[in-house]
Amino acid sequence: MKISDRLKNIVDMITVGNRVADIGTDHGYVPVYLCEHRISPKVIAMDINEGPLFMAKQNIKQAHFEDRIETRLSAGFEKLNPNEVDTAVIAGMGGELIKSILSDKPDVTNDLKELILSPHSEIPLVRTYLQDTRHQIVDEKMLMDEGKYYVIIKTARLREDEKAVCYSDEECKYGPVLLKNRDAIFLQYLQNQLDKYKIIMDKIKLGLNQDTDKRYNEIRAEIEEITDILNAGKQFSAFKV
């Protein structure tokens, strides 16, 4: 099965041999791919809507993986029990919804070995939640797919004897691993954000008054923050601000 670049990068983060729950499976592309490429011995494809789950069943049947992929009509982890899977994939949802799914059944969430998350909004909220619930971010990737930037986060559950991680505000906002690795797509994203903020600032300057003064200072702070991040690695990169 051919899958999008975004889904392929999500799949590549899953530990080979893990049992997987795909939350919001849609048409079941990820579960089928996991079985086709012998990445997972068992997958539970879950979705809150009957329509997508029906399509997932058809794709699973066509690929002859009914013995390895189970489908469940479920709101988040509602129909998942502790120790049924090792990895949960939650992608294509807003950060607030992902946080809600993770917090609704802590007995399931805290039993998982790893989470693979790809929120399309409110990403700092997700990172803060992970920190507060002892899910350490072990890998992150930013990619562009069909003209949009996507972030993928992989976590590992900390043991009771392991010290909880503590991220700075900057790390929660931009990602501890992304800030450390400084790959080309991430730097491109930062430059893109910087350019947008500069345009906004120029527009605000034209009509600066008491109402816009606060927004002006907020944008200026964003520009200074991103510029500092980009300049921090100039000696290691040919990337120019």
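**Exercise 1. Cysteines**

Classify Cys166 as buried or exposed, then work out how many disulfides the chain has.

*Solution.*
Step 1. Cys166 has a relative accessible area of 69%, so Cys166 is exposed. This model is a predicted one.
Step 2. Look for a partner. The closest cysteine sulfur to that of Cys166 belongs to Cys172, and the two sulfurs are 8.1 Å apart.
Step 3. Apply the cut-off. A disulfide needs two cysteine sulfur atoms within 2.5 Å. The sulfur of Cys172 is therefore too far from that of Cys166 for a bond.
Step 4. Turn to another cysteine. Cys35 has a relative accessible area of 2%, so Cys35 is buried.
Step 5. Give the count for the chain. By this rule there are zero disulfides.

**Exercise 2. The chain as a whole**

Describe the helices and strands, the box, the burial and the charges of the chain.

*Solution.*
Step 1. Start with the elements. The chain has ten helices and seven strands.
Step 2. Add the extent. Along the principal axes, the C-alpha atoms fill a box of roughly 60 × 40 × 40 Å.
Step 3. Add burial. The chain has 241 residues, and 46% of them count as buried.
Step 4. Add the surface. About 12700 Å² is exposed, with 49% of it supplied by carbon and sulfur atoms.
Step 5. Add the contacts. Take those with a separation of 6 or more: 68% of them join residues 24 or more positions apart.
Step 6. Finish with charge. There are 34 positive and 40 negative side chains. The centres of the two sets lie 3 Å apart.

**Exercise 3. Strands β1 and β2**

Find how β1 and β2 pair, and which residues cover the two faces of β2.

*Solution.*
Step 1. Locate the strands. β1 spans residues 20–23, and β2 spans residues 43–47.
Step 2. Read the pairing. The two strands run in the parallel sense, over four bridges. Asp22 stands opposite Ala45 in β2.
Step 3. Recall the pattern. Side chains in a regular strand alternate between the two faces of the sheet.
Step 4. Sort β2 by side. Val43, Ala45 and Asp47 lie on one side, with Ile44 and Met46 on the other.
Step 5. Check the cover. Five of the five residues of β2 are buried, and both faces are covered.

**Exercise 4. Ala21**

Where does Ala21 lie, and is it buried or exposed?

*Solution.*
Step 1. Place the residue. Ala21 is in strand β1.
Step 2. Read the accessibility. The value is 0%, so Ala21 is buried.
Step 3. List its contacts beyond four places in sequence. Among them are Ile44, Met46, Leu80, Val85 and Val89.
Step 4. Compare sequence with space. Ala21 and Val43 are 22 residues apart along the chain, yet their C-alpha atoms are separated by 5.7 Å.

**Exercise 5. Positive phi**

For Asp26 and Glu146, give phi, the loop and the exposure.

*Solution.*
Step 1. Set the background. Most residues other than glycine have a negative phi.
Step 2. Take Asp26. Its phi is positive, near 60°. Asp26 sits in the loop between β1 and α2 (29–36). Its relative accessible area is 38%, so Asp26 is partly exposed.
Step 3. Take Glu146. Its phi is positive too, at about 55°. Glu146 sits in the loop between β6 (135–145) and β7 (148–157). Its relative accessibility is 76%, so Glu146 counts as exposed.

Note on methods:
Residues are numbered from 1 along each chain as its sequence is written. This is a predicted model: local features need pLDDT of at least 70, side-chain atom pairs count only at pLDDT 80 or more; totals for chains, interfaces and linings use all residues. Side-chain values use heavy atoms; hydrogens and water are left out. Buried means under 20% relative accessible area, exposed over 50%, partly exposed in between (1.4 Å probe, protein chains only). Contact means heavy atoms within 4.5 Å. Accessible areas come from the Shrake-Rupley method with a 1.4 Å probe; for residues, only the protein chains shown count as cover. Lys and Arg count as positive and Asp and Glu as negative; His and the chain ends are not counted. The place of a charge is taken as NZ of Lys, CZ of Arg, CG of Asp or CD of Glu. Two strands pair if DSSP finds at least two bridges between them.
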